[in-house]
Amino acid sequence: MDSNTLDLSPPHQNTLTALVNEYSKSDSPVKSARIAEQVNRTEGSVKNQMRKLSALGLVDSVPGPRGGYEPTETAFHALERDQDADGEKVVVAQNYDRVDVTVDEITLTNVHHPTDCRARVHFQDILEEIEIGDALAVGPTPEFDLVVVGEVAEILGTGDEVILEIGKMEAPFTDDAL
C-alpha cells in the first residue's frame with residue numbers, strides 16, 4: 001500500500017509526513033500544535049486532517065495531557081518508510097546553502113546513458129523552498145562516501161522526492177569533488 005493507493009491530498013500527505021517525522025524523533029505522541037507549526041497550517045486545520053487520516057487507519061489519537069497523535073504502521077507503509085529503520089543523515093546543499101534533512105534513498109536511474117544520468121533522491125522531510133533548476137549536492141553517504149551533484153529536473157509528490165540531472169558523481173568523496 002502507498003499514499004497513491006490511499007489517494008491522499010497534498011495537505012493530508014504533508015500532515016502525515018510531518019507527524020511521522022516528529023514521531024520518529026521523539027517516539028511519543030505528537031501534539032497538533034507541533035504538526036501545525038511544521039506544515040504552516042492552523043491547529044484546527046490539522047485536527048480536521050487528523051480525523052480523515054484516523055478514518056483511513058493512518059493515525060491513532062492518544063488522549064490525555066501527554067497525548068497527541070501517533071502514526072500507525074499503515075502510515076509508515078503509505079509513506080514508503082520502514083518504521084524500524086533510521087534514515088541516514090546526509091548533507092544536502094541547495095544552491096550552496098546547507099539543508100538539514102534525512103535522505104531515505106538515492107536511486108540512480110539510467111546510469112549507463114552517456115549524457116543523461118539521473119538520480120532519484122527521497123527525503124524524509126519536505127523541502128519547502130526547492131525549485132526546478134536549483135543546484136543540489138547530496139552526500140557524502142555514510143556507507144560509500146558517494147556525492148551526487150546536479151540540477152533539480154523534477155519535484156515529485158509533495159516535495160519529499162526529486163529527480164536530479166547529475167552533473168558530477170564521486171565516490172569516495174574528496175574535497176575537490178565540488
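Helices (H or I, at least four residues) and strands (E, at least two) are taken here as DSSP runs, numbered from the N terminus. The expected span of a helix is 1.5 Å times one less than its number of residues. Take α2: at 1.5 Å a residue, its 17 residues should span 24 Å, and its end C-alpha atoms are indeed 24 Å apart, which agrees.

A quick word on what you're looking at. This is a predicted model, where local features need pLDDT of at least 70, side-chain atom pairs count only at pLDDT 80 or more, and totals for chains, interfaces and linings use all residues. Residues are numbered from 1 along each chain as its sequence is written, and side-chain values use heavy atoms, with hydrogens and water left out.

Back to α2. Its buried residues (buried means under 20% relative accessible area, exposed over 50%, partly exposed in between, with a 1.4 Å probe and protein chains only) include Leu 16, Leu 19 and Glu 22. Just after the helix comes Asp 27, with a positive phi near 55°.

Now for the nonpolar cores, meaning sets of buried Ala, Val, Leu, Ile, Met, Phe, Trp, Tyr and Cys residues joined through side-chain atoms within 4.5 Å. The largest has 20 residues, and among those touching the most other members are Leu 16, Leu 19, Ile 35 and Met 50. Two or more residues come from each of α2 (10–26), α3 (32–39), α4 (43–55) and α5 (73–78). The top contributor is α2, with five residues. A second, separate core of 17 residues includes Val 121, Leu 136, Val 148 and Val 162.

Over to the strands, which pair if DSSP finds at least two bridges between them. β6 (residues 102–109) and β7 (residues 118–123) run antiparallel, joined by six bridges. β7 also pairs with β10 (residues 161–170), again antiparallel, over five bridges.

Then there are the salt bridges, each a side-chain nitrogen of Lys or Arg within 4 Å of a carboxyl oxygen of Asp or Glu. The count comes to six, and here are some of them:

| Pair | Closest N to O |
|---|---|
| Arg 34 and Glu 22 | 3.1 Å |
| Glu 37 and Arg 34 | 2.4 Å |
| Glu 165 and Arg 118 | 2.5 Å |

Glu 165 sits in β10 and Arg 118 in β7, so this pair ties together parts 47 residues apart in sequence. Arg 118 and Glu 165 are also bridge partners between the strands. Meanwhile, salt bridges that share partners join Glu 22, Arg 34 and Glu 37 into one network. Within it, Glu 22 is buried at 9% relative accessible area, Arg 34 is partly exposed at 30%, and Glu 37 is exposed at 56%.
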